[in-house]
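Biologist: I would like a close look at one part of this model, with enough of the rest to place it. Please start with the whole and then go to the detail.

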Amino acid sequence: RVGASNPGNGSNGIVLTGNSNTASSNEIINLVLNGILLSGTSNSVFSNTIQGAGQDGVLVTGSQNSVSSNTINTAAGDGVDVQSGNLNVVGSNTIGSATGGADLGNAGVGIRVRAAATNVAINSNKIGFNADGIRLEGSGTKVCGNNLGFGPANQPAANDSEGIRVLGASNTIGNAAASCAGNLIGHNISDGIQVEAASTIIRDNMIGGDGLAVFGNLNGGILLTTGSSNTVINGNSLWHNSNDGVRVTAGTGHRIEFNTMGENGNLGIDLQDDGISPNDPGDPDTGPNRMQNTPVIEGLTKTANTLNFTYRVDTEVANANYPLDVDFYLTNNNSPQGKVWLVRDTTVAVNAPKAMQIILQVVRVGDWLTAMTTDGAGNSSEFSVPLSFAGAPAEILFKDGFED
């Protein structure tokens, strides 16, 4: 046991300056400086209880260190601060809350990656009751399989601001195809994820819940704001957030596709954070994602399980990178949020009606059809004004979020 009565190491709890050392199963409490300082290489810190550090719970300045399966609470700074180094791993820690779900948050960030740190792996942590859950100031970090805004038994444990705040370029938040599991992000006081940097990948996460689980963030699901550009938002579930599923207030090249969104407090996708943006003739207006016009769906009819309609996109070639991808979604209750993705079509025509036929696999009385556009540079639109269609004589229901 290391504490204020026997601090040692210049008032740090444990300092590993060498290589390939291990610190495990220690109780480290009420230190003046850091609970554990890792300045060497290839050290392992696991199964420790670190509480009440005067600075950070764990401070990492070396490379290829592992910080795993620790409980890190009530630090005056960050739970884990990866200040520099390459290829450090922070995994399976409980940061900011206790077994019973008590608020033992760190005053700073749950896990912070500084600009001088590269290629950090943040895996399978439970992070709640901190300022931000995770803050990425460096590049090349992969955030995989974490629970942000949750305690040890998945109790609500809201971080005071963002679940994840991204300030550095080229970071990844979930990507199952690249062996990075999606994250659960909910209950946070502000947004699930806020991005202020270029080239962030956000894939396969559950942000606020889905058609069954409810753990919405108290602002929006994802905010893309000043400094952001070329974000990829793909395959996420964005439900039950108090504001929009995705708000885009700055930047271009934000590709938003193949996500499912429902029961958010405002829109599924909101460019400029001002509610529904009307289309403008030829689409010359500028702003977030070049204010890409939405598709216009016309003449929608339904026969058996087949939808027939035409659509057009009023965007001149000078105002978008052609060809345009047009994605169609089911929604309900006249809500411009894409609950179930149906099909993608590609168009090279400017404001010319194009006939479409979609065969539905799941139908229900009172469904609506909506669509969105993404140009070749990755500028995605909002969802279009939905059109309703008559359902089948009998409902076919599955656990897909349409039971409500």
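What percentage of the 404 residues of the chain count as buried? After that, please take the open sheet with the order 32-33-36 and go through it strand by strand.

Modeller: The model is predicted, and every value below is computed from it. Of the 404 residues in the chain, 55% count as buried. The secondary structure consists of 38 strands and 0 helices. Along the principal axes, the C-alpha atoms fill a box of roughly 80 × 45 × 30 Å. A compact globule of 404 residues would have a radius of gyration near 22 Å, and the 24 Å of this chain agrees with that. The accessible surface is about 14300 Å², and carbon and sulfur atoms contribute 51% of it. If contacts with a separation of 6 or more are taken, 57% of them are between residues 24 or more positions apart.

Now the sheet. It is open, has 3 strands in the order 32-33-36, and its pairing is antiparallel. Strand 32 (296-303) and strand 36 (354-359) form the edges; each has a single partner strand, so one side of each lacks a neighbour in the sheet. On average, neighbouring strands are turned by 20° against each other, with direction ignored.

Take the two pairings in turn. Strand 32 and strand 33 (residues 306-312) run antiparallel and are joined by 6 bridges. One bridge partner pair here is E298 with T310 of strand 33. K302 is placed opposite L307 of strand 33. Strand 32 and strand 33 form a hairpin with 2 residues between the strands, and A304 there adopts a positive phi near 55°. On the other side, strand 33 and strand 36 are also antiparallel and joined by 6 bridges. L307 appears again in this pairing, where it stands opposite I358 of strand 36. L307 therefore faces K302 in one pairing and I358 in the other. As background, side chains in a regular strand alternate between the two faces of the sheet.

The next step is to see what meets the edge strand 32 from elsewhere. L387, in strand 38 (residues 387-388), is useful here. Setting aside neighbours within four places in sequence, L387 contacts I297, L300, D367, W368 and L369. Of these, I297 and L300 fall in the range 296-303 of strand 32. L387 is partly exposed, at 25% relative accessible area. For scale along the chain, L387 and N19 are 368 residues apart in sequence, and their C-alpha atoms are 64 Å apart in space.

Two further residues give a second set of contacts for comparison. D325 belongs to strand 34 (residues 324-332) and counts as buried, at 18% relative accessibility, where the cut-off is under 20%. Leaving out residues within four places in sequence, D325 contacts R255, R344, D345, T346, M372, T373 and T374. D325 and G378 are 53 residues apart in sequence, with a C-alpha to C-alpha distance of 9.5 Å. E257 is in strand 29 (residues 255-257) and is buried, at 8% relative accessible area. Residues up to four places away excluded, E257 touches I233, N234, G235, Y329 and R344. R344 is on the contact lists of both D325 and E257. The lists also link the two strands: R255, a contact of D325, lies in strand 29, and Y329, a contact of E257, lies in strand 34.

One covalent link remains to be mentioned. The structure holds 1 disulfide, which joins C144 to C180 with an S to S distance of 2.0 Å. It connects distant parts of the chain, 36 residues apart: C144 is in strand 17 (residues 142-144), while C180 is in the loop between strand 20 (172-173) and strand 21 (184-185). The torsion about the S-S bond is about -105°, so this disulfide is left-handed. Both cysteines are buried, C144 with a relative accessible area of 10% and C180 with 1%.

Key
Residues numbered from 1 in each chain as written. Predicted model: local features only at pLDDT ≥ 70, side-chain atom pairs only at ≥ 80, totals over all residues. Heavy atoms only, no water. Disulfide = S-S within 2.5 Å. Helix = DSSP H or I, 4+ residues; strand = E, 2+ residues; numbered from the N terminus. Buried < 20%, exposed > 50% of the residue type's maximum accessible area, 1.4 Å probe, protein only. Contact = heavy atoms within 4.5 Å. Pairing = 2+ DSSP bridges. Axes fitted to C-alpha atoms, helices over the stretch in contact; angles between N-to-C directions. Rg over C-alpha atoms; globule rule 2.2 N^0.38 Å. Areas by Shrake-Rupley, 256 points an atom, 1.4 Å probe, with all protein chains shown as cover.
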